[in-house]
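Q: Could you take me through one part of this model in close detail? I would love to see how a single pair of packed elements fits together, and then what surrounds one residue there.

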Amino acid sequence: MKNGRVKSTPQAAPNRHADFEALYDKHSREVWALAYARWMNADTAMDVAQEAFLRLWKQWEDGEIILNPRAWLLRVARNLAEDHAKSAFRRNGTHPPQTMNGVQGREPPPQDHLEREETFAQLRDVMAQLHETDREILTLRYALDYNTDAIAETLGINATAVHMRLSRARQRLADRLQANGVHHAP
């Protein structure tokens with residue numbers, strides 16, 4: 001066993017396709033969200049997520065058994081997101097940052113809808129100003145609804161560090177929101 005992988009004979013093709021589709025259905029949202037938290041760009045996040053799943057498929061093609069595919073995918077996506085920062089394309093500023101799309105739901109009355117959208121726009125602006133580690137931990141906790149143990153496993157830190165990082169990230173977010181005149185949640 002090496003790095004959580006076991007070398008074996010290749011899996012049977014029909015099972016491999018079904019297993020892969022099941023893993024994609026189950027984990028693609030959180031892999032995408034992890035990359036999105038880093039770059040605040042839906043297209044970049046999709047590229048990262050697709051590359052992570054492609055690499056998983058290649059590992060399976062090589063006969064590797066990934067003991068914890070979810071953790072493996074999240075780690076690969078996190079590494080790919082970091083590698084993107086080192087690319088010449090990103091470094092040269094040819095890829096402008098995108099803002100988050102508005103959250104869709106039941107339609108509120110027009111005035112409430114406008115106020116809510118304005119507050120979300122301010123939240124997106126403030127989130128984009130936060131350090132990527134703050135965005136990452138806030139996304140894991142609030143967008144993906146991870147508990148402390150899941151966040152700790154994903155980030156490779158202990159639960160105490162998760163609580164400390166969350167507390168500090170929430171405080172920095174609240175301070176910036178208040179400085180921008182946002183005094184209540186949408």
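A: Happily! In this predicted model, helices α7 and α8 are roughly perpendicular to each other, because their angle of about 100 degrees falls in the range of 65 to 115. Their axes lie 9 Å apart. On the α7 side, the contact is made by Thr148, Ile151, Ala152 and Leu155, while α8 brings in Ala159, Val162, His163, Arg165 and Leu166. Sorted by class, six of these residues are nonpolar, two are polar and one is charged. Along the sequence, α7 covers residues 148-155 and α8 covers residues 159-179.

Now let us stay with α7 and turn to Thr154, which is located in this helix. Thr154 counts as buried because its relative accessible area is 6%, and the cut-off is under 20%. A polar atom of the Thr154 side chain sits 2.8 Å from the backbone oxygen of Ala150. Leaving aside residues up to four places away in sequence, Thr154 touches Arg70, Leu74, Arg75, Arg78, Leu140 and Tyr146.

To set this in the whole chain: there are eight helices and two strands, arranged along the sequence as β-α-α-β-α-α-α-α-α-α. Thr154 is one of the buried residues, which make up 37% of the 186 residues in the chain. Of the contacts between residues at least 6 apart in sequence, 71% join residues at least 24 apart. The chain's accessible surface is about 11400 Å², with 51% of that belonging to carbon and sulfur atoms.

Definitions and conventions:
Residues numbered from 1 in each chain as written. Predicted model: local features only at pLDDT ≥ 70, side-chain atom pairs only at ≥ 80, totals over all residues. Heavy atoms only, no water. Helix = DSSP H or I, 4+ residues; strand = E, 2+ residues; numbered from the N terminus. Buried < 20%, exposed > 50% of the residue type's maximum accessible area, 1.4 Å probe, protein only. Contact = heavy atoms within 4.5 Å. Areas by Shrake-Rupley, 256 points an atom, 1.4 Å probe, with all protein chains shown as cover. Polar contact = N/O pair within 3.5 Å; in protein donor to acceptor, adjacent residues only side chain to side chain. Axes fitted to C-alpha atoms, helices over the stretch in contact; angles between N-to-C directions. Parallel < 35°, antiparallel > 145°, perpendicular 65-115°, else oblique. Nonpolar A, V, L, I, M, F, W, Y, C, P; charged D, E, K, R; others polar.
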